[in-house]
Amino acid sequence: MNTSIYRVGLLALCLSLPTQLVKAQGCVAVRHMSCAAPTGSSADFFKQRTGHWQVSAGYRFFNSYKHFVGDVEQKQRVEQGTQVINNSHALDLGITYMPSLRWSVSVNLPIQYNDRSSLYEHYGNAVATNPDQLRFHTNSQGIGDLRISGNYWLVNPYKLPKANVALGLGVKLPTGNYAATDNFHRRTKEGIDYTINKPVDQSIQLGDGRVGFSLEAQGYWQLTKGLTAYANGFYLFNPAATNGVVRSPEATSIDLVTGTFSVADQFAARLGVSQSIRFIPGLAVMLGGRVEGVPAIDAIGSSTGFRRPGYIVSVEPGLAYMKGKYSAALTVPVAVYRNRIKSYADRLDPLGVKQGDAAFADYLISFNVSRWF
């Protein structure tokens, strides 16, 4: 095989790694979906294309427990044992069809399992109401929101350009349960324990309940024979204001601003370099940065409803490997900066001091495999 073709294939595989939005690795409720086309980049057109179809599966995991207000870590939460802990597992299933070298259409569906433990959602954080500091769990599991996307390379990949850009459009369908419930523990003043069934926290809901659409882009620039720069970005527009799910049905009144779950926009971007390993054909190492999160104000439509906006900046090392009809990739973004910014509701505070918190993870593990047919 022509070595220049092979290198272009390997670098584009690095570009097309599944840069999943994973709830911003914590309580900031970003849904599971790709930052850019997870399959069908120019990599596989050259190295592995034996048909028009590719299937993929990706596993992702994170554990969040560090609370932030703005970019200030609330270390006392862990010291006092009052932190909220989210564990998230997701299996992303995808299929891509390529009618031509430049066009690709992908369908992706996440299957999720989320576990959340806390004190405050049950008996409370205070020793007076929760003297034994009992912690309870709530869960959600099932499919998430389905995403359909199309991408187009601006330069014909067969021409082996040293730089290329693909643009894409997508639609997000509300297939995930956006009103998942579980039992929450309560205790009366007389010390009698009971449970109520209500919606789980927004961060572990399986979907957001409304249709959205996305714009995305990805590109690469071959710097030397084996070294290539890559970048991709994604923005999900959610025009709907809220999905109508009441956060606390047991409350005597519903806050018009924060009483229901907001349907928030989402964003993610990556930038980095990949280096092919000459003595191990098919292997590339990567190092880059990524940012992902939820804005406080949506680009289109109202921003009312409850949301925890914020973002994470991470350093993202990784490995990619291609052999025959198969490809695999492992990335481990490690957070270097976390910021729980003021929400729309926080900004309505006349004193300007209100600001909620959110828990974030230290790192994310993402592993993806794919095969051509």
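**Close-up 1. Leu287 and the hairpin of strands E16 and E17.** Leu287 lies in strand E17, which spans residues 283-294. The model shown in this and every other view is a predicted one. Strand E17 runs antiparallel to strand E16 (residues 266-276), and ten bridges join the two. Within this pairing, Val273 has Leu287 of E17 as its bridge partner. E16 and E17 make up a hairpin, with six residues between the strands. Gly282, in the turn, has a positive phi of about 95 degrees.

**Close-up 2. The pairing of strand E17 with strand E18.** Strand E17 also pairs with strand E18 (residues 310-323). The sense is antiparallel, and the pairing extends over twelve bridges. Val291 finds its bridge partner in E18 at Val313.

**Close-up 3. A nonpolar patch on the surface.** Six residues form this patch: Trp221, Leu223, Val273, Leu287, Val315 and Val336. Together they have about 540 Å² of accessible area. Two members of the patch, Val273 and Leu287, are bridge partners. For the protein chain as a whole, the exposed area is about 15300 Å², of which carbon and sulfur atoms supply 64%.

**Close-up 4. Strand E13 and its two partners.** Strand E13 (residues 227-237) is mostly covered, with eight of its eleven residues buried. Strand E12 (residues 212-222) runs antiparallel to E13 and is joined to it by ten bridges. The hairpin formed by E12 and E13 has four residues between the strands. E13 is likewise joined to E16 by ten bridges, again in an antiparallel arrangement. Phe234 can be followed through both pairings: Glu216 stands opposite Phe234 in E13, and Phe234 in turn stands opposite Ala268 in E16.

**Close-up 5. The largest nonpolar core and the surroundings of Ala335.** Eight residues make up the largest nonpolar core, namely Cys27, Phe68, Val84, Ile312, Ala335, Ala358, Ala359 and Phe360. Strand E21 (residues 358-372) contributes the largest share of this core, with three residues. Beyond its neighbours within four places in sequence, Ala335 is in contact with Ile312, Val313, Ser314, Ala361 and Asp362. One of these contacts, Ile312, is also a member of the core. Another, Val313, is the bridge partner of Val291.

**Close-up 6. Ser343 in a loop.** Ser343 is located in the loop between strand E20 (334-339) and helix H4 (344-347). Because its relative accessibility is 5%, Ser343 counts as buried. When residues up to four places away in sequence are set aside, Ser343 touches Ala296, Arg307 and Pro309.

**Close-up 7. Strand E8 between strands E6 and E9.** Strand E6 (residues 103-118) pairs with strand E8 (residues 146-153) in the antiparallel sense over six bridges. Asn108 has Arg147 of E8 as its bridge partner. E8 pairs with strand E9 (residues 163-173) as well, also in the antiparallel sense, over eight bridges. Here the bridge partner of Tyr152 is Leu167 in E9.

**Overview. The protein chain as the setting of the close-up views.** The chain contains four helices and 21 strands. Of its 373 residues, 54% count as buried. Among contacts between residues at least 6 apart in sequence, 72% join residues at least 24 apart.

Notes: Residues are numbered from 1 along each chain as its sequence is written. This is a predicted model: local features need pLDDT of at least 70, side-chain atom pairs count only at pLDDT 80 or more; totals for chains, interfaces and linings use all residues. Side-chain values use heavy atoms; hydrogens and water are left out. A nonpolar core is a set of buried Ala, Val, Leu, Ile, Met, Phe, Trp, Tyr and Cys residues joined through side-chain atoms within 4.5 Å. Buried means under 20% relative accessible area, exposed over 50%, partly exposed in between (1.4 Å probe, protein chains only). Contact means heavy atoms within 4.5 Å. Two strands pair if DSSP finds at least two bridges between them. Patches are made of residues with over 30% relative accessible area and no salt bridge: like charges are joined within 9 Å, nonpolar side chains (Val, Leu, Ile, Met, Phe, Trp, Tyr) within 5 Å. Accessible areas come from the Shrake-Rupley method with a 1.4 Å probe; for residues, only the protein chains shown count as cover. A salt bridge is a side-chain nitrogen of Lys or Arg within 4 Å of a carboxyl oxygen of Asp or Glu.
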